[in-house]
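Q: Hey, I'm new to this one. Can you walk me through it?
A: Sure, let's bring it up and take it bit by bit.

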Amino acid sequence: MSSSINTNFKQYLVSTKPKGAAIPAGLQDLLLAVVNTCSTLSHEVAQGALIGLLGSAGSGNVQGEVQQKLDIIANDQLMDGVKECKSLAGLASEEMELPVAVQGTGDYLLLFDPLDGSSNIDVNVSIGTIFSILKKQDPSAPLQTSDFLLSGRHQVAAGYVVYGPQTTMALTLGDGVVMFTLNKETSEFLLIKDAVTISPSTKEFAINMSNMRHWADPVRRYVEECLAGTTGVRDKDFNMRWIASMVADVHRVLSRGGVFMYPWDKRDPKKAGKLRLMYEANPMSFLVEQAGGASINGTQTIMDLQPTGLHERVSVMLGSKEEIERLKQYHS
Ligand code: AHG
Ligand code: MN
Ligand code: MN
């Protein structure tokens, strides 16, 4: 990668050659459309109550979750932002039951979690947008839900934009991870980090501890050993964080290492987990793997899972490689 710090996103797309090949013009267009929409969203998120953005929308989504106003606004704006994109065949969103075919003649498929961290909107804590791009296997056939059901390995790009103290994007095109921060005066995303790497070892983990009594034994063992610190088998003290916005928690893992877990638990044993494979787990796993980390559901690598439904949920454990290896051993 030859781009230097402060390269803007458009310049980056034109100049970078992931795995030695230029980024196809259609993919560049699509990425720019997504990222420009996120820039607009970032400005709006920063206004919050001043423009009536906070609070519940009073509706529910296909996941059975109460929608916030911003869930719907972000979803509509992303749809509007990409619908003219000629390289796009269709899109799917966490907030919509069915995929939407787009007028374009191209074969890219866009999946997104328009607003991640909904419970944090009204309390002014970091939230974000997560996206994943696939290629339709049969470009000539009419769009069907099954076109989207490809394993994470098929992703050609994935990323997120976190709306925090800074608005920062992480992106992978399958050749490492880069980060950009939004200059809010010019609305340009500028490169701040190339070759993002996650250290293989860590002393920090993230999990919602209030679910502890419901966890499966391997997760409980792992966390109990972390909590025992220098008095236990790990022989080192761990720190814990839980932001409850996956974007912000994963951003921390990409920035300084760590483990993030939202495991399957016994609250609702039939439910595979809380997080969504297509909109959250796959794109984040792609980023984490590309940064040298690992991502599993306990026993299997998330990126290798064959999806069976657009809104499928999955158990997620990702981050520093040595810790994910340990979690995998405890599950075997
Ligand atoms: P979303 O806002 O898109 O529904 O996702 C929220 C997810 C994820 O971002 C976060 O890690 C998790 O839910 C938090 O869940 P808890 O409130 O159960 O901790
Ligand atoms: Mn989410
Ligand atoms: Mn969401």
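**Metals and salt bridges**

A: Let's start with two residues: Glu94 is buried, and Leu115 is buried too. Keep in mind that we're looking at a predicted model.

Q: OK, and what coordinates the manganese ion (ligand 3)?
A: Glu94 through OE, Asp113 through OD and Leu115 through O, at 2.2 to 2.3 Å. Along the chain, the donors follow the spacing E-x18-D-x1-L.

Q: Where do Glu94 and Leu115 sit?
A: Glu94 is in the loop between strand 3 (88–93) and strand 4 (100–101), while Leu115 belongs to strand 5 (residues 108–116), so the pair ties together parts that are 21 residues apart in sequence.

Q: How far apart are the manganese ion (ligand 2) and the manganese ion (ligand 3)?
A: They are 3.7 Å apart, and Asp113 coordinates both.

Q: Which residues coordinate the manganese ion (ligand 2)?
A: Asp113 (OD), Asp116 (OD) and Glu280 (OE), at 1.8 to 2.1 Å. The spacing for these donors is D-x2-D-x163-E.

Q: Asp113 and Asp116: buried or exposed?
A: Asp113 and Asp116 are both buried.

Q: Switching topic: how many salt bridges does a search of the whole structure find?
A: It finds 15.

Q: Which residues are linked in a network of salt bridges?
A: Glu65, Glu94, Arg276, Glu280 and Arg313. You've met two of those names already: Glu94 is a donor to the manganese ion (ligand 3), and Glu280 is a donor to the manganese ion (ligand 2).

Q: Why can side chains pair up like that?
A: Generally speaking, side chains of opposite charge can pair when their charged atoms come close.

Q: What about the salt bridge of Arg221, which side chain does Arg221 meet?
A: That of Glu225, at 3.1 Å from N to O. The two residues are 4 apart in helix 4 (residues 217–228), so about one helical turn separates them.

Q: Is there a split in how those are covered, or what's the picture for each?
A: Arg221 has 41% relative accessibility, so Arg221 counts as partly exposed. Glu225 has a relative accessible area of 14%, so Glu225 is buried.

Q: And helix 5, how many residues apart are Arg252 and Asp249 there?
A: They're 3 residues apart in helix 5 (residues 246–256), so again they are separated by about one helical turn. Their side chains meet in a salt bridge at 2.9 Å, N to O.

Q: Are Arg252 and Asp249 buried or exposed?
A: Arg252 is buried, with a relative accessible area of 10%. Asp249 is at 0% relative accessibility, so Asp249 counts as buried as well.

Q: Which helix is His251 found in?
A: His251 is found in helix 5. Its relative accessible area is 18%, and because buried means under 20%, His251 counts as buried.

Q: What is His251 in contact with?
A: Leaving aside neighbours within four places in sequence, His251 is in contact with Tyr160, Val162, Thr168 and Met179.

Q: One more pair: what do the side chains of Asp80 and Lys83 meet in?
A: A salt bridge, at 3.2 Å from N to O. Asp80 is partly exposed, with a relative accessible area of 49%, and Lys83 is partly exposed too, at 41% relative accessibility.

Key
Residues are numbered from 1 along each chain as its sequence is written. Chains are lettered from A and ligands numbered from 1 in the order in which they are written. This is a predicted model: local features need pLDDT of at least 70, side-chain atom pairs count only at pLDDT 80 or more; totals for chains, interfaces and linings use all residues. Side-chain values use heavy atoms; hydrogens and water are left out. Donors are N, O and S atoms within 2.8 Å of the metal (3.2 Å for Na, K and Ca); water is not among the atoms, so sites may look incomplete. Buried means under 20% relative accessible area, exposed over 50%, partly exposed in between (1.4 Å probe, protein chains only). A salt bridge is a side-chain nitrogen of Lys or Arg within 4 Å of a carboxyl oxygen of Asp or Glu. Contact means heavy atoms within 4.5 Å.
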